[in-house]
Amino acid sequence: MARQYINYNGKIYHSGKLIISPDNRSFRYGDGFFETMKMINGRIILQPFHFERLFSSLETLRFEKPSYFTEAYLKQQVEELVAKNNHAGLARIRLMIFRGDGGLYDAENHFPNLLVQTWQMDNANNRLNENGLVTDIFPHARKACDLYSPVKSNNYLPYAMAALWAKENRLNDALLLNSFNRVADATIANIFVVKDGAVLTPSLQEGCVSGVMRRYLLQCLRKENIPVQETQLSAEDVYNASEVFLTNAGYNLRWVKQVGRYGYQNQLAAFLHNKFVVALLNG
């Protein structure tokens with residue numbers, strides 16, 4: 001297996017290099033965020049949405065952005081690492097931003113440290129899943145609904161625990177509730193349901209991550225004049241839906257066959273994938 005590389009603050013190192021100290025604030029407190037992107041033949045899918053969210057998160061988390069820290073600079077760092085790792089055909093990219101050393105009240109500075117990683121992806125990730133996902137609602141955590149909940153934060157504990165719970169229970173994924181016991185999202189994806197002739201998804205005020213594929217699909221649905229609402233989504237809304245599907249940047253759109261003991265079809269999910277996701281991936 002070929003040795004892999006990472007990009008840390010604009011320099012490329014072997015992936016095994018230790019780059020943070022025990023005093024690192026992201027390691028201690030989850031002080032930072034990340035962006036997961038897909039690149040196909042040198043093209044970052046939904047690039048404007050990704051970088052708009054990245055710079056919004058920089059501002060929300062009160063980093064001090066250097067003048068050179070632009071979309072063009074970040075894209076160049078990604079492209080150089082993808083080439084170094086020979087992942088140019090189809091790659092998953094994780095771009096992580098984090099504050100450096102310091103205690104809870106005394107950060108040394110607010111510089112946005114950058115770590116980029118890439119992995120080769122399988123072409124199967126670009127196809128709609130043949131077998132629907134089997135999921136359930138994770139009972140042991142609640143997501144906050146606040147200024148920071150839409151950010152893909154490095155403090156990912158509820159999602160990490162939900163993913164472990166899903167694996168222990170032989171599930172493909174788990175749904176997370178917010179502090180009002182309404183559905184927020186899944187461990188690595190946003191959730192959509194089809195109910196009473198409309199597509200419903202939790203609003204950003206409901207504690208879900210502000211997903212780029214979610215944003216893209218909402219635009220497509222509205223252009224197609226398909227009834228869609230960003231709203232509150234109860235567990236009963238999910239159980240009584242005719243379809244459930246999940247979206248994220250890596251897997252695009254995946255249909256859900258089962259949540260708990262409730263089962264679903266995949267007619268609209270297949271239509272949306274064929275009409276909008278395929279067109280997006282083909283450029």
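The buried residues of helix α4 are Y159, A162, W165 and A166, and they cover an arc of only 120° around the axis, which puts them on the same side of α4. These statements, like those that follow, rest on a predicted model. Besides this helix, the briefing covers an open sheet of six strands, a cluster of aromatic rings formed by Y8, Y13 and F98, and helix α5, which spans residues 212-223.

**Helix α4**

- Helix α4 comprises the 12 residues 157-168, which at 1.5 Å a residue should span 16 Å, and because its end C-alpha atoms are 16 Å apart, the model agrees with that expectation.
- An α-helix has 3.6 residues a turn, so residues three or four places apart point the same way.
- The buried residues of α4 are covered by elements that include the strands β7 (133-143), β8 (173-178) and β9 (183-186).
- On the face of α4 turned away from its buried side are the exposed residues L157, K167 and E168.
- After α4 comes R170, which has a positive phi, near 55°.

**The six-strand sheet**

- The sheet is open, with its six strands in the order β2-β1-β6-β5-β3-β4 and with antiparallel pairing.
- At the edges stand β2 and β4 (43-44), each with a single partner strand, so one side of each is left without a neighbour in the sheet.
- Strands of a sheet pair through backbone hydrogen bonds, either parallel or antiparallel.
- Strand β1 (residues 5-8) is buried along both of its sides, since Y5 and N7 point one way while I6 and Y8 point the other way, and all are buried.
- Strand β1 runs antiparallel to β2 (residues 11-14), to which it is joined by four bridges, and within this pairing N7 has I12 as its bridge partner in β2.
- A hairpin is formed by β1 and β2, with two residues between them, and N9 in the turn has a positive phi of about 50°.
- Strand β1 also runs antiparallel to β6 (residues 113-120), with two bridges joining them, and here Y8 has L115 as its bridge partner in β6.
- Strand β6 is in turn joined by eight bridges to β5 (residues 90-98), again in an antiparallel arrangement, and the partner of F98 in β6 is N113.

**Aromatic rings and charges over them**

- The structure holds 11 aromatic pairs, among them the tilted pair of Y8 and Y13, whose centres are 6.5 Å apart and whose planes make an angle of 50°.
- Ring pairs extend this contact into a cluster that links Y8, Y13 and F98.
- Y8 counts as buried because its relative accessibility is 18%, with the cut-off for buried lying at under 20%, whereas Y13, with a relative accessible area of 24%, is partly exposed.
- R94 lies over the face of F34, at 4.0 Å from the ring centre.
- The charged end of R99 is placed over the ring of F63, 4.2 Å from its centre.

**Helix α5**

- Helix α5 has 12 residues, and the distance from its first C-alpha to its last is 17 Å, close to the 16 Å expected at 1.5 Å a residue.
- The buried residues of α5 are V212, M213, R214, Y216, L217, L218, C220 and L221, a list that includes the arginine R214.
- After α5 comes N225, whose phi is positive, near 60°.

Key: Residues numbered from 1 in each chain as written. Predicted model: local features only at pLDDT ≥ 70, side-chain atom pairs only at ≥ 80, totals over all residues. Heavy atoms only, no water. Expected span 1.5 Å × (residues − 1). Buried < 20%, exposed > 50% of the residue type's maximum accessible area, 1.4 Å probe, protein only. Arc of directions from axis to C-beta. Contact = heavy atoms within 4.5 Å. Phe/Tyr/Trp six-rings, centres within 6.5 Å; stacked < 30°, edge-to-face > 60°. Lys NZ or Arg CZ within 6 Å of the ring centre and 35° of its normal. Pairing = 2+ DSSP bridges.
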